[in-house]
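Work through the following exercises on charged pairs and a metal site. Each task is followed by a solution in steps.

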Amino acid sequence: MTIDLEAKIEAIEEEIRKTPYHKGTEHYIGRLKAKLAKLKRQKETSSAQGKGKGFALKKFGDATVVLVGPPSVGKSSLLNNLTGTHARVESWPFTTLEVIPGVLKYKGAQIQILDLPGIIGGAAEGKGRGKEILSVARIADLLILLVDVKTKNQLAAINKELKLLKIELPTLLVINKVDLLMKKTPKAQGKEILISVQNKIGLDELKKAIWQELNLIRVYLKQKDKEPDFNEPLIMKKGAQVADVAQKIFPEKKEFKQILLWGPSALFPGQQVSLNHQLKDEDVLSFS
Ligand SMILES: Nc1nc2c(ncn2[C@@H]2O[C@H](COP(=O)(O)OP(=O)(O)OP(=O)(O)O)[C@@H](O)[C@H]2O)c(=O)[nH]1
Ligand SMILES: [Mg+2]
């Protein structure tokens with residue numbers, strides 16, 4: 001994995017070195033640099049993963065989601081399903097003893113998901129290393145509070161622990177193992193999301209909800225007289241302006257001859273916009 005990353009990084013650095021810098025290649029080099037930065041970040045996380053132990057984990061990707069919940073509710077099962085990680089899953093509690101990272105790829109975004117050991121009431125006072133475990137949640141952009149159909153009654157206790165530690169973040173309430181209930185899946189009450197990792201129920205809905213709560217948008221780039229690059233969107237925060245995109249792909253450049261816009265926030269296709277134009281999901285930009 002690391003060797004593979006290393007090779008990719010070298011190849012891109014080489015490509016940047018040998019591409020002459022001028023108007024026609026500027027855009028291409030900008031993309032290469034953005035890709036390089038992404039790979040370097042990835043390398044950092046994978047070496048952190050290599051050490052594996054301990055609760056210190058760096059943020060990675062476009063956003064970070066942390067799974068919090070009592071033991072044995074299926075946190076690791078969910079991590080594995082969403083990210084293709086192979087975290088250990090067992091029928092007994094306290095299987096997971098450290099933070100396990102994975103990456104969910106969704107709509108072109110890389111969403112880091114962190115699986116935590118299960119927490120129990122009294123966590124904030126340090127029970128079951130609870131304080132240490134919950135403090136990881138601080139780095140999250142979004143918490144998934146996961147319980148199962150049998151531990152729903154522990155929600156209040158966990159919320160209390162989070163509050164005691166002053167961890168107040170956007171949260172999705174997710175209830176797993178609805179397959180255990182009966183023939184019919186019950187209707188969700190309020191904002192909770194009902195899933196069964198085992199029977200693959202509700203997982204698409206969960207991914208959608210994660211995307212929505214993270215408030216991210218996709219912006220595609222287009223070179224002059226070419227089709228936009230729909231495979232690799234830039235992932236931006238909702239409310240981002242053209243200037244934020246420019247900063248990401250052309251960090252050194254302050255002025256542009258022309259910036260053209262297509263898509264949901266354009267009044268008409270190919271509208272000329274300024275740096276303070278606010279973007280929408282799936283806009284297409286062309287800088288020259
Ligand atoms: N019936 C049912 N069982 C599930 C489901 N998801 C997970 N399980 C089972 O629940 C048990 C615990 O799963 P884990 O993923 O290890 O749970 P965890 O929350 O990571 O547990 P800890 O790491 O101990 O906190 C395993 O036996 C899983 O196979 C589900 O949707 N339905
Ligand atoms: Mg686990």
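A residue is called buried when its relative accessible area is under 20%, exposed when it is over 50%, and partly exposed in between. The model used here is predicted.

**Exercise 1.** Identify the protein donors of the magnesium ion (ligand 2), and state whether they are buried or exposed.

Solution. Step 1: the protein donor atoms are OG of Ser76 and OG1 of Thr96, at 1.9 to 2.1 Å from the magnesium ion. Step 2: Ser76 belongs to helix α3 (residues 75-83), whereas Thr96 sits in the loop between α3 and β2 (100-106), so the pair ties together parts that are 20 residues apart in sequence. Step 3: both Ser76 and Thr96 are buried, so each has a relative accessible area under 20%. Water is not among the atoms, so the site may look incomplete.

**Exercise 2.** Find the salt bridge partner of Lys18 and describe how the two residues are placed.

Solution. Step 1: a salt bridge needs a side-chain nitrogen of Lys or Arg within 4 Å of a carboxyl oxygen of Asp or Glu. Step 2: the partner of Lys18 is Glu15, with 3.6 Å between the closest N and O atoms. Step 3: both residues are in helix α1 (residues 2-18), and because they are three residues apart there, about one helical turn separates them. Step 4: Lys18 is exposed, at 57% relative accessible area, while Glu15 is partly exposed at 22%.

**Exercise 3.** Which residue forms a salt bridge with Lys177, and which parts of the chain does the pair tie together?

Solution. Step 1: Lys177 pairs with Asp148, the closest N and O atoms being 3.4 Å apart. Step 2: Lys177 is in the loop between β5 (171-176) and β6 (193-194) and Asp148 is in strand β4 (residues 142-148), so the salt bridge ties together parts 29 residues apart in sequence. Step 3: Lys177 is partly exposed, with 21% relative accessibility, but Asp148 is buried, with 3%.

**Exercise 4.** Describe the salt bridge of Lys191, then state how many salt bridges the structure holds.

Solution. Step 1: Lys191 forms a salt bridge with Glu213, with the closest N and O atoms 3.5 Å apart. Step 2: this pair links distant parts of the chain, as Lys191 lies in the loop between β5 and β6 and Glu213 in helix α6 (residues 203-214), 22 residues apart. Step 3: Lys191 is exposed at 62% relative accessible area, and Glu213 is partly exposed at 26%. Step 4: elsewhere, shared salt bridge partners join Lys23, Glu26 and Lys253 into one network. Step 5: the structure holds 15 salt bridges.

Notes
Residues numbered from 1 in each chain as written. Chains lettered and ligands numbered in written order. Predicted model: local features only at pLDDT ≥ 70, side-chain atom pairs only at ≥ 80, totals over all residues. Heavy atoms only, no water. Helix = DSSP H or I, 4+ residues; strand = E, 2+ residues; numbered from the N terminus. Buried < 20%, exposed > 50% of the residue type's maximum accessible area, 1.4 Å probe, protein only. Donors = N, O, S within 2.8 Å, 3.2 Å for Na, K, Ca; no water.
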